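This briefing introduces one protein to a reader who has not met it before. Please keep the sequence and the structure in view while reading.

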Amino acid sequence: MKKGLPFVALLILVSLVMTACMPLVPVPAPVAAEPTPVAEPTVAAEPAPAAEPTAAAEPAAPEPETPADAAKTLRLPNLGGQVVRAVTENAYPPLNFVDPVTGKAVGWEYEAVNEICRRLNCVVAWSTVSWDAMIQAVQDGQFDVGMDGITITAERATQVDFSAPYLVSQQYMLVRADETRFTDAATFAADEGLLIGSQAGTTNFYVAVYEVLDGDEQNPRIKLFETFGAAVQALLAGDVDLVLMDAASSRGYIGANPDRLKLVGEPLGTEEFGFIFTPNSPLVEPFNAALATMKADGFIDHLNTRWFFMYDPAAE
């Protein structure tokens with residue numbers, strides 16, 4: 001065993017020398033086997049965010065209340081084309097009369113009711129009847145609405161329904177242009193020979209009885225006529241000496257008879273005109289609503305200017 005050691009040592013030495021003489025080749029580092037990737041745990045899908053509760057729409061701020069007398073009537077009832085049977089007399093200018101030039105029935109009340117129905121979507125069917133039959137005819141339902149410068153009174157309100165007032169008027173003393181025997185109610189009443197022309201059952205008649213004369217409705221100094229027009233004709237002819245009439249109608253007759261008529265004295269009594277309806281008529285409220293808008297938007301003022309100041313019955 002001892003003889004073999006030098007030989008082994010020599011082999012080792014030669015091996016070392018040869019190794020030293022060989023070029024160095026880098027030995028790649030052992031590549032560690034890549035570990036099998038561990039499957040990442042599946043991330044649970046995040047739950048969709050719960051829908052937030054829809055916020056209830058905040059209530060709109062309340063609109064300010066409309067005063068009871070203001071035009072809360074701007075949204076008017078729609079009558080759906082309903083036919084409204086209207087009646088008048090055609091003898092009370094400038095409210096209702098036959099135009100002497102055109103022969104057509106015209107006037108403040110015609111234009112007002114036509115406009116009311118335009119706003120309410122209704123159709124007017126016009127008729128005429130004498131004054132003494134008008135209130136009864138409307139009360140009985142022969143017509144839906146009547147007009148003739150009708151004064152609103154408690155007594156009449158037991159027979160028919162009234163609209164809101166559309167005109168306020170006073171009675172004036174209409175006389176011939178050359179009249180000099182009296183200048184007011186007192187001097188007229190003092191002269192027993194002077195006569196009044198009137199129409200039975202009208203405000204003019206009652207003013208004549210109770211504010212000009214002695215309160216006797218049978219007083220022979222009051223001469224009755226079928227229409228106001230007939231009373232005015234009697235005045236022009238000299239058959240009576242005075243006709244009581246509101247200022248608007250007086251202007252109409254004076255305009256139709258220039259230089260032949262005039263007014264004297266102070267106004268006698270104040271009256272409100274209203275449309276009349278069959279009792280419990282469903283048309284009262286719609287008509288009142290339309291009238292309110294016509295006052296609010298100036299249409300009533302337009303009618304007053306047109307018929308009381310601009311219309312000239314004598315124009316050819």
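**Arg119 and its surroundings**

Arg119 has a relative accessibility of 19%, and because buried means under 20%, Arg119 counts as buried. The model is a predicted one. Arg119 belongs to helix H2, and several of the features below involve that helix or the residues just after it.

- Apart from neighbours within four places in sequence, Arg119 contacts Leu76, Pro77, Ala290, Thr293, Met294, Asp297 and Phe299.
- One of these contacts has a particular geometry: the charged end of Arg119 sits over the ring of Phe299, at 5.6 Å from the ring centre.

**Overall make-up**

- The protein has nine helices and 13 strands.
- It consists of 316 residues, and 40% of them are buried.
- Of the contacts between residues at least 6 apart in sequence, 76% are between residues at least 24 apart.
- The exposed area of the protein is about 18,600 Å², and 59% of that area comes from carbon and sulfur atoms.

**The disulfide and the end of H2**

- There is one disulfide in the structure.
- The disulfide is formed by Cys117 and Cys122, with 2.0 Å between their sulfur atoms.
- The angle about the S-S bond is -105°, and the link of Cys117 and Cys122 is left-handed.
- Cys117 and Cys122 are both buried.
- Asn121 is found in the loop between H2 and strand E5 (122-128).
- The phi of Asn121 is positive, near 60°, in a residue other than glycine.
- Asn121 has 36% relative accessibility and counts as partly exposed.

**Aromatic pairs**

- The protein contains ten aromatic pairs.
- Trp108 and Tyr166 make a stacked pair, with 5.1 Å from centre to centre and 20° between the planes.
- This pair joins distant parts of the chain, 58 residues apart: Trp108 is in helix H2 (residues 108-120), and Tyr166 is in the loop between strand E7 (161-162) and strand E8 (167-176).
- Trp108 and Tyr166 are both buried.
- Phe277 and Phe287 form an edge-to-face pair, because their ring planes stand at 80° and their centres are 5.2 Å apart.
- Phe277 lies in strand E13 (residues 276-277) and Phe287 in helix H8 (residues 284-296), ten residues apart.
- Phe277 has a relative accessible area of 0% and is buried; Phe287 is likewise buried, at 0%.
- Ring pairs join Trp108, Tyr166, Phe273, Phe275, Phe277 and Phe287 into a cluster.

**Nonpolar cores**

- The largest nonpolar core has 46 residues, and those touching the most other members are Trp108, Ile116, Val145, Tyr166, Met245, Phe275 and Phe287.
- Ile116 touches Phe275, Phe287, Ala290, Leu291 and Met294, leaving out residues up to four places away in sequence.
- Another core, of 18 residues, lies apart from the largest one and includes Phe205, Val207, Val209 and Val212.

**Val160**

- Val160 is located in the loop between strand E6 (145-146) and E7.
- With a relative accessible area of 2%, Val160 is buried.
- Beyond its neighbours within four places in sequence, Val160 contacts Ile135, Val138, Gln139, Ile276, Phe277 and Pro279.
- Val160 and Phe275 are 115 residues apart along the chain, and 9.7 Å separates their C-alpha atoms.

**Helix H6**

- H6 (residues 228-237) is mostly covered, with seven of its ten residues buried.
- The buried residues of H6 are Phe228, Gly229, Ala231, Val232, Ala234, Leu235 and Leu236.
- Gly238, just after H6, has a positive phi of about 90°.

**Backbone features in other loops**

- A cis peptide bond runs from Pro93 to Pro94, with omega near 0°.
- Pro94 is in the loop between strand E2 (91-92) and strand E3 (96-98).
- Asp259 is not a glycine, yet its phi is positive, about 70°.
- Asp259 is placed in the loop between helix H7 (247-256) and strand E12 (261-273).
- The relative accessibility of Asp259 is 76%, and Asp259 counts as exposed.

Methods. Residues numbered from 1 in each chain as written. Predicted model: local features only at pLDDT ≥ 70, side-chain atom pairs only at ≥ 80, totals over all residues. Heavy atoms only, no water. Helix = DSSP H or I, 4+ residues; strand = E, 2+ residues; numbered from the N terminus. Buried < 20%, exposed > 50% of the residue type's maximum accessible area, 1.4 Å probe, protein only. Contact = heavy atoms within 4.5 Å. Areas by Shrake-Rupley, 256 points an atom, 1.4 Å probe, with all protein chains shown as cover. Phe/Tyr/Trp six-rings, centres within 6.5 Å; stacked < 30°, edge-to-face > 60°. Lys NZ or Arg CZ within 6 Å of the ring centre and 35° of its normal. Disulfide = S-S within 2.5 Å. Core = buried A, V, L, I, M, F, W, Y, C linked by side-chain atoms within 4.5 Å.
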